[in-house]
Amino acid sequence: MNDPGLDNPIQNGAKAVEDDNREEDELEEEDEQAFLNPSRWWFASTAFPLLAGTFGPMASAFSVCALVENWKVVIPPGGDEAHGIDQEDPKWLIAINAVSLVFALIANFSLLLNMARRLSFSIAQPITILGWFVASVLLIALVSTSVHTLKVPGENRALTQAFYYAIIAAALYFIIASLMCCTVYGAYKDHYPKEFRLSTSQRTLMLQTISFMVYMIGGGAVYSKIEGWKFLDAVYFADFTLLTVGIGDYAPLTHLGRGLLFPYAIGGIVILGLVVGSIRSLVLERGKAKLGSRLIEKKREALLRNMYKKEKKDKLIPVTEEKKRTEEGLTERQRRKEEFHLMRKIQDRASVRQKWTALLISGSAWFVLWFVGAVVFWKAERAQNWTYFQSLYFAYTSLLTIGFGDFTPFSNSGKPFFVFWSLLAVPTLTILISNMGDTIVKGIRDLTLYLGEFTLLPGDVGIRQRLKQLMTKVRGKKIFSSTKTHMMDEAPGSLSEKNNVDEEKADDLGGAAADGLAGAYEREELKAAGSAKARGDKLDENMHEYHYLLIKEFRSVMKHLNENPPRKYSYDEWAWYLKLMGQDEASASSHRTAPIKVKKSKDEGPDMQQAQTDDHDKSAHAWSWLGNRSPLMGEMEEAEWVLERLSLTLEKVLKKQFELQQKGTTVEQPPVNAVSKVQKEEGYSDQEELDSDT
């Protein structure tokens, strides 16, 4: 490049690119290929550690409850176990109980440091697993001993709430330690890296859970002093207060207790909201994305098998220069467009199935909590002569946080179970309601709108057109169509006036600084292109115009990131973006027949990013819209994918230009220039019609 004013900026930009840290790109590559990994290993690498980070602090809080009160009471004549006389525990039982709590706290702290990347996986996990297993074994031994020494001649003894908290804590320690064993096994078998790849909300989930449990236990300690309650009864009160169940069998009677409730309840609800939000991030975002990716992969494989079986493989084979067209007379671009629309159908069907599958799973979890919880309450409250129906009624009103208060747990086993059970119920209900919003609630809303348009509330579309749209959705194809469907005549991306209007409406506050910087670069490139044109340097002019188009589209796609629902690009838009990246949809040089089954040793890993950065063996990175390397197959949103690839393309172009400039070699012709821009504005459909006539 010969423009004297731009040499230093380009050199500095290229050097910055060479020195850039690629850690985020490597993480994103793994995320794009996540759909190829078996679901069980995703659970082991991500879900199990997060479950352990959630239930570990909960189990330790229950261990504290098991330590602060005695495990046995003597029931006086005519009395009940809730008002029994405490029997002091042996010193050795208290000591072993305390040792168990210490091991559990060390295990929790080790896992927390590992999630915060302050302690390595190989050091933290043995400490975590061993600590929880030791804590579980010690508590199980104490529980077994206490049961065997419960009966004393001449005395009517019962076990306290502390004993049942110990049982729950021991079970949780054993379960989460076993889950972490699965995580370690998968890591050492190289199914995933020996580190946690978690989002910010997921990494802070354990810290938020610790905060909530400390807040609840601390509040119980304060109210036990103020109201004169037993500590574990006060914990029970704090639980149903913070979870907004409001059973009502315990309520503050002092002015201090009632006044303290104002800040205490609000603070607890805020912390609980953070915990539930992080759990929702795990289940609804990561879990749904993983489930959706697996469903897409299965439907993709089924479609390809069906096409092979019906001898329609010709549609999957790229059209080379020698072949010109498929047996059905399609050019390579037309064949690729059909592939693209097949992939879109797969996505749509998988999305519907994924939503209903998620609803089924969360609904099943909710029903299990309801029916199984009712069984436990029925057995625990036998002294109150509850029937199973009454237990169902109590469990239902508590699950929905209605809390009438006409039925309340009274026994020493019922209250600890209620605390544990209610802590599970709130996140489960939240997830269920979210899944219902995507399916049942959406269906009811759409039905209401349809009925309104047919009756009293006419919409923008007529009844006949609405019936056509409804039938199209039901049958999955266009009907009553009397006109030929053409490709869009407008250029996608920033070249489309319509898209510019949509982009102006998008939320651009978050990227204002980046957008301003990109705008400055745009003006600089246009100025440089004008200078090159004045000199008569056509190649340099095209190069600057190419840089301008890359930056312009980069700004355009940035505005798509904040759209809800996420932006889905048309085939023409994809073809344009790929053209900017050096991929021509009309050329079969970088295309291949989609494989049915992906062989990990050979096929997994390379994707479009590597396809455009590796110039030595382009055929090794060929791809298909229906293949595993398709940008539609990963878990990344389309706008995010395009944005990163455009930035990588610009980095690559700057780097290559700098290297050629250093060697004194002529710069290569860019894939898009002023002429191709004009052709794009005229639309691809005209060119395709010309090809078909030829």
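The numbered points below describe selected features of a predicted model.

1. The sheet. Three strands make up an open sheet, and their order across it is E2-E1-E3. The pairing in this sheet is antiparallel. Strand E2, covering 85-87, and strand E3, covering 157-159, are at the edges. Each of these two has a single partner strand, so one side of each has no neighbour in the sheet. From one strand to the next, the twist averages 40°.

2. The pairing of E1 with E2. Strand E1 consists of residues 72-74 and is joined to E2 by three bridges in the antiparallel sense. One pair of residues may be named here: Lys-72 has Gln-87 of E2 as its bridge partner.

3. Helix H6 and the residue Asp-190. Helix H6 runs over residues 161-188 and contains 28 residues. At 1.5 Å a residue, a span of 40 Å is expected, and the end C-alpha atoms are 41 Å apart, so the two values agree. Asp-190 follows H6 and has a positive phi, near 65°.

4. Helix H8 and the residue Gly-228. Helix H8 comprises residues 205-227, which is 23 residues. From its first C-alpha to its last, H8 reaches 32 Å, close to the 33 Å expected at 1.5 Å a residue. Just after H8 comes Gly-228, with a positive phi of about 75°.

5. Positive phi in two loops. As background, most residues other than glycine have a negative phi. Arg-117, which is not glycine, nevertheless has a positive phi near 65°. Arg-117 belongs to the loop between helix H4 (91-115) and helix H5 (121-148). With a relative accessible area of 45%, Arg-117 is partly exposed. Thr-244 is also not a glycine, and its phi is positive at about 60°. This threonine lies in the loop that separates H9 from helix H10 (255-309). The relative accessibility of Thr-244 is 42%, and therefore Thr-244 counts as partly exposed.

6. A cis peptide bond. The general background is that most peptide bonds are trans. The bond from Asn-564 to Pro-565, however, is cis, and its omega is near 5°. Pro-565 is located in the loop between helix H18 (538-558) and helix H19 (571-580).

7. The packing of H11 against H13. Helix H11 covers residues 332-380, and helix H13 covers residues 414-438. Their axes come within 9 Å and cross at roughly 160°. Because of this angle, H11 is roughly antiparallel to H13; the cut-off for that term is an angle over 145 degrees. The crossing of these two helices is left-handed. The residues of the contact between H11 and H13 comprise 17 nonpolar, six polar and two charged.

8. The packing of H9 against H13. Helix H9 consists of residues 231-242 and packs with H13 at an angle of about 25°. The axes of H9 and H13 are 10 Å apart. The two helices are therefore roughly parallel to each other, given that angles under 35 degrees are described in this way. The crossing of H9 and H13 is left-handed.

9. The glycine at position 373. Where is Gly-373 placed? Gly-373 is in helix H11. With a relative accessibility of 1%, Gly-373 counts as buried, because buried means under 20%. Gly-373 and Ala-395 are 22 residues apart along the chain, and their C-alpha atoms are separated by 6.7 Å.

10. The glycine at position 530. Gly-530 occurs in helix H17, which runs over residues 512-535. Its relative accessibility is 39%, so Gly-530 counts as partly exposed. Along the chain, Gly-530 and Glu-541 are 11 residues apart, while 7.2 Å separates their C-alpha atoms.

11. The glutamate at position 638. Glu-638 is part of helix H22, which spans residues 638-663. Is Glu-638 buried or exposed? At a relative accessibility of 6%, Glu-638 counts as buried. Arg-567 is 71 residues away from Glu-638 along the chain, yet the C-alpha atoms of the two are separated by 6.9 Å.

Note on methods
Residues are numbered from 1 along each chain as its sequence is written. This is a predicted model: local features need pLDDT of at least 70, side-chain atom pairs count only at pLDDT 80 or more; totals for chains, interfaces and linings use all residues. Side-chain values use heavy atoms; hydrogens and water are left out. Two strands pair if DSSP finds at least two bridges between them. Helices (H or I, at least four residues) and strands (E, at least two) are DSSP runs, numbered from the N terminus. Axes are lines fitted to C-alpha atoms, for helices over the stretch in contact, and angles run from 0 to 180 degrees between N-to-C directions. Angles under 35 degrees count as roughly parallel, over 145 as roughly antiparallel, 65 to 115 as roughly perpendicular and the rest as oblique. A crossing is left-handed if the near helix is turned anticlockwise from the far one by less than a right angle, and right-handed if clockwise. Ala, Val, Leu, Ile, Met, Phe, Trp, Tyr, Cys and Pro count as nonpolar, Asp, Glu, Lys and Arg as charged, and the others, Gly among them, as polar. The expected span of a helix is 1.5 Å times one less than its number of residues. Buried means under 20% relative accessible area, exposed over 50%, partly exposed in between (1.4 Å probe, protein chains only).
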